[in-house]
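Good morning, colleagues. Please take a moment with the sequence and the structure before I begin.

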Amino acid sequence: IWLLQHPAVFTLGLNGKPEHLLQDLGVPVVKVDPRNTSRTCAECGHCEKANRKSQKDFLCVSCGHCANADVNAARNISSRAQDACKASSGLATLWG
């Protein structure tokens, strides 16, 4: 689960699922498939194992995009959440 534009919420209730707290606050929760988000370039979409130079470094072998691997993966997860939201509700963003 990836939360966009909201502060972190930590909970141990209901099997550690944040939905029970977030829904009451009006914070959208969008579940996305995290597979390959750390291998996929957030700029060009090229997915390859060789894009991960180390645990912390991402360098796309296709377009040369360089980023912190966690930041790159977070951008991919954010993009997937936005796409899922658009597809299911027609909203332009999760929060607007």
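What share of the contacts in the protein chain with a separation of 6 or more is accounted for by residues 24 or more positions apart? The figure is 35%. I should say at the outset that this is a predicted model, and I shall return to its confidence at the end.

Let me begin with the architecture. The protein chain contains two helices and two strands. Read from the N terminus, the order of the elements is α-β-β-α. Of the 96 residues, 25% count as buried. The accessible surface of the chain amounts to about 6,300 Å², and carbon and sulfur atoms hold 53% of that surface.

I turn now to the loop that runs between helix H1, residues 19-25, and strand E1, residues 57-59; Thr40 has its place there. Is Thr40 buried or exposed? Thr40 counts as buried, because its relative accessibility is 12%, and the cut-off for that class is under 20%. Setting aside neighbours within four places in sequence, the contacts of Thr40 are Gly45, His46, Cys47, Phe58, Asn72 and Asn76.

Asn36 belongs to this loop between H1 and E1 as well. Its backbone deserves a remark: Asn36 is not a glycine, yet it has a positive phi of about 65°. With a relative accessible area of 38%, Asn36 is partly exposed.

Next, the charged pairs. Side chains of opposite charge can pair when their charged atoms come close. How many salt bridges does the count come to? The count comes to two.

One of these salt bridges joins the side chains of Asp33 and Arg35, with an N to O distance of 2.5 Å. The partners fall into separate accessibility classes: Asp33 is partly exposed at 33% relative accessibility, while Arg35 is exposed, with a relative accessible area of 60%.

Arg75 and Glu43 also form a salt bridge, and their closest N and O atoms are 2.8 Å apart. Arg75 lies in helix H2, residues 69-89, and Glu43 in the loop between H1 and E1, so this pair ties together parts that are 32 residues apart in sequence. Arg75 counts as partly exposed at 37% relative accessibility, and Glu43 counts as partly exposed at 49%.

Staying with helix H2, I would point to Ala74, which lies in that helix. Ala74 has 18% relative accessibility and therefore counts as buried. Ala74 and Ala42 are 32 residues apart in sequence, and their C-alpha atoms are 8.9 Å apart in space.

Ser78 is also placed in helix H2. At 21% relative accessibility, Ser78 counts as partly exposed, because the partly exposed class begins where the buried class, under 20%, ends. The C-alpha atoms of Ser78 and Val30 are separated by 9.6 Å, and these two residues are 48 residues apart along the chain.

Let us move to the cysteines. A disulfide is a covalent bond between the sulfur atoms of two cysteines. How many disulfides does a search of the whole structure find? It finds zero. For Cys41, the nearest cysteine sulfur is that of Cys63, 3.6 Å away, and Cys41 is in no disulfide. The reasoning rests on the cut-off: a pair counts as a disulfide when its sulfur atoms are within 2.5 Å. Cys44 is likewise in no disulfide, its nearest cysteine sulfur being that of Cys60, at 3.6 Å. As to their surroundings, Cys41 is buried at 2% relative accessibility, whereas Cys44 is partly exposed, with a relative accessible area of 39%.

Finally, the confidence of the prediction. The chain averages a pLDDT of 79, and 70% of the residues score at least 70. Which stretches fall below 50? Over residues 1-6 the pLDDT is below 50, and the model gives this stretch 20 contacts beyond near neighbours in sequence. Over residues 92-96 the pLDDT stays under 50 too, with 14 contacts beyond four places in sequence. Where pLDDT is low, the predicted coordinates should not be read in detail.

To close, I return to the long-range pairing: the salt bridge of Arg75 with Glu43 links helix H2 to the loop between H1 and E1. Thank you for your attention.

How values were computed
Residues are numbered from 1 along each chain as its sequence is written. This is a predicted model: local features need pLDDT of at least 70, side-chain atom pairs count only at pLDDT 80 or more; totals for chains, interfaces and linings use all residues. Side-chain values use heavy atoms; hydrogens and water are left out. Helices (H or I, at least four residues) and strands (E, at least two) are DSSP runs, numbered from the N terminus. Buried means under 20% relative accessible area, exposed over 50%, partly exposed in between (1.4 Å probe, protein chains only). Contact means heavy atoms within 4.5 Å. A salt bridge is a side-chain nitrogen of Lys or Arg within 4 Å of a carboxyl oxygen of Asp or Glu. Accessible areas come from the Shrake-Rupley method with a 1.4 Å probe; for residues, only the protein chains shown count as cover. pLDDT is the predictor's confidence in each residue, from 0 to 100.
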